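Welcome! Here is a short briefing to read alongside the sequence and the 3D view.

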Amino acid sequence: MGSCLTVTEKDDGDPTKKDRKNSIFILILGAGDTGKSTFLRQLRHHHGDGFSETEYEYFAAAIPALCLQNMRKLITGVAKSRGGQIPKSIRRAVEFVRSETILSEESAAAISKLWSSRHVKAAFEERARLKIAISPTAGYLFKHIDRYAAAQYRPTLKDILYCNVKSTGVQEVKLKIENRVFHVIDVAGQRSERRKWLHCFENVSCVIFMASLDEYNLVLEEDETMNRFKESLNLFHTLSGSQFFDKSYWILFLNKSDIFRQKSQKYPLNEFFNDCSQQTASDYQLSISFLKRKFQKKYQAKGPLLVMITSNINSKSTLSVFEYIRSNLVLKALDNAGL
């Protein structure tokens with residue numbers, strides 16, 4: 001706490017060429033929608049100056065727009081599951097949401113009505129099968145839809161953490177803690193954004209690779225033929241074997257453990273992995289160990305791999321995880337300096 005924070009967003013240049021003395025560079029990598037931006041937002045809020053007024057204004061506009069977008073996706077899912085038909089009981093609300101361009105009190109009421117509908121809830125629960133690209137955090141936003149339609153709406157930290165909008169480019173956060181400057185660099189995870197990663201690869205102290213435990217039955221939004229868990233495994237295998245990271249400390253975040261705990265009960269792993277037994281799939285810890293081993297087998301870097309089971313949406317858990325990482329990186333930096 002009591003640290004200093006500055007934020008810059010870059011699409012070119014090399015942020016790792018600055019302030020090398022007493023600096024530790026942490027690069028966050030991973031596929032899209034694995035929790036990288038949520039982790040960065042937690043650090044910004046708890047270890048620095050938080051968000052600027054411009055950013056609050058951005059989220060105040062982005063969150064209502066995201067609610068409309070997500071509900072339209074669920075409406076499409078309802079229609080897909082019913083042969084193109086919308087149930088008569090929700091048709092009026094559906095038409096209203098489809099016609100609105102901005103969130104108003106009326107459209108918020110329509111979204112609230114739809115979210116209470118068993119048809120919409122069923123589409124949300126079956127979003128993987130219906131290939132609806134919507135975050136599980138959408139439920140939180142729908143529950144608070146009335147607040148977002150208010151004229152003087154100002155996002156809370158929880159609203160911002162649950163705002164699952166795609167990030168682009170490269171973002172760098174500087175955290176000054178106990179005379180050390182931590183440069184935490186986050187890069188967008190979608191395939192189209194990965195070409196922008198290359199300039200971040202030099203002189204990185206630590207690589208945090210982010211993967212989601214809950215993505216085993218999901219497909220990429222940009223390629224519906226590709227399973228997201230397999231995509232993460234392939235990406236992890238490629239990056240951990242890169243010469244850019246020969247001297248980097250590797251950490252694997254298996255994120256969204258809270259979502260996985262619930263999801264794995266309804267959709268057990270043995271239904272998606274031939275090499276997973278029913279006994280393993282029925283146990284939460286064994287299921288996590290099963291997925292963890294998948295990544296460990298793909299790991300190619302020379303140094304050890306630290307695996308952490310995380311829930312980036314949980315502030316207490318995230319701060320504890322970062323403090324552990326920070327302490328270890330400081331010790332490694334002192335060891336490398338011969339102190």
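How much area does the protein expose, and what share of it do carbon and sulfur atoms supply? About 16,600 Å² is exposed, with 48% of it supplied by carbon and sulfur atoms; accessible areas come from the Shrake-Rupley method with a 1.4 Å probe, and for residues only the protein chains shown count as cover.

This is a predicted model, where local features need pLDDT of at least 70, side-chain atom pairs count only at pLDDT 80 or more, and totals for chains, interfaces and linings use all residues. Residues are numbered from 1 along each chain as its sequence is written, and side-chain values use heavy atoms, leaving out hydrogens and water.

**Confidence**
- The mean pLDDT (the predictor's confidence in each residue, from 0 to 100) is 87, and 87% of the residues reach 70 or more.
- Residues 1-18 have a pLDDT below 50, and this stretch has 54 contacts (heavy atoms within 4.5 Å) in the model beyond near neighbours in sequence.

**Overall build**
- The protein has 13 helices and 7 strands; these are DSSP runs numbered from the N terminus, with helices (H or I) of at least four residues and strands (E) of at least two.
- Of the 339 residues, 53% are buried, where buried means under 20% relative accessible area, exposed over 50%, and partly exposed in between (1.4 Å probe, protein chains only).
- Among contacts with a separation of 6 or more, 73% join residues 24 or more positions apart.

**Two residues with positive phi**
- Asp 33, in the loop between β2 (23-30) and α1 (36-47), is not a glycine yet has a positive phi near 60°.
- Asp 33 is partly exposed, at 25% relative accessible area.
- Lys 256 sits in the loop between β6 (249-255) and α10 (257-266), and its phi is positive too, at about 65°, although it is not a glycine.
- Lys 256 counts as buried, with 10% relative accessibility.
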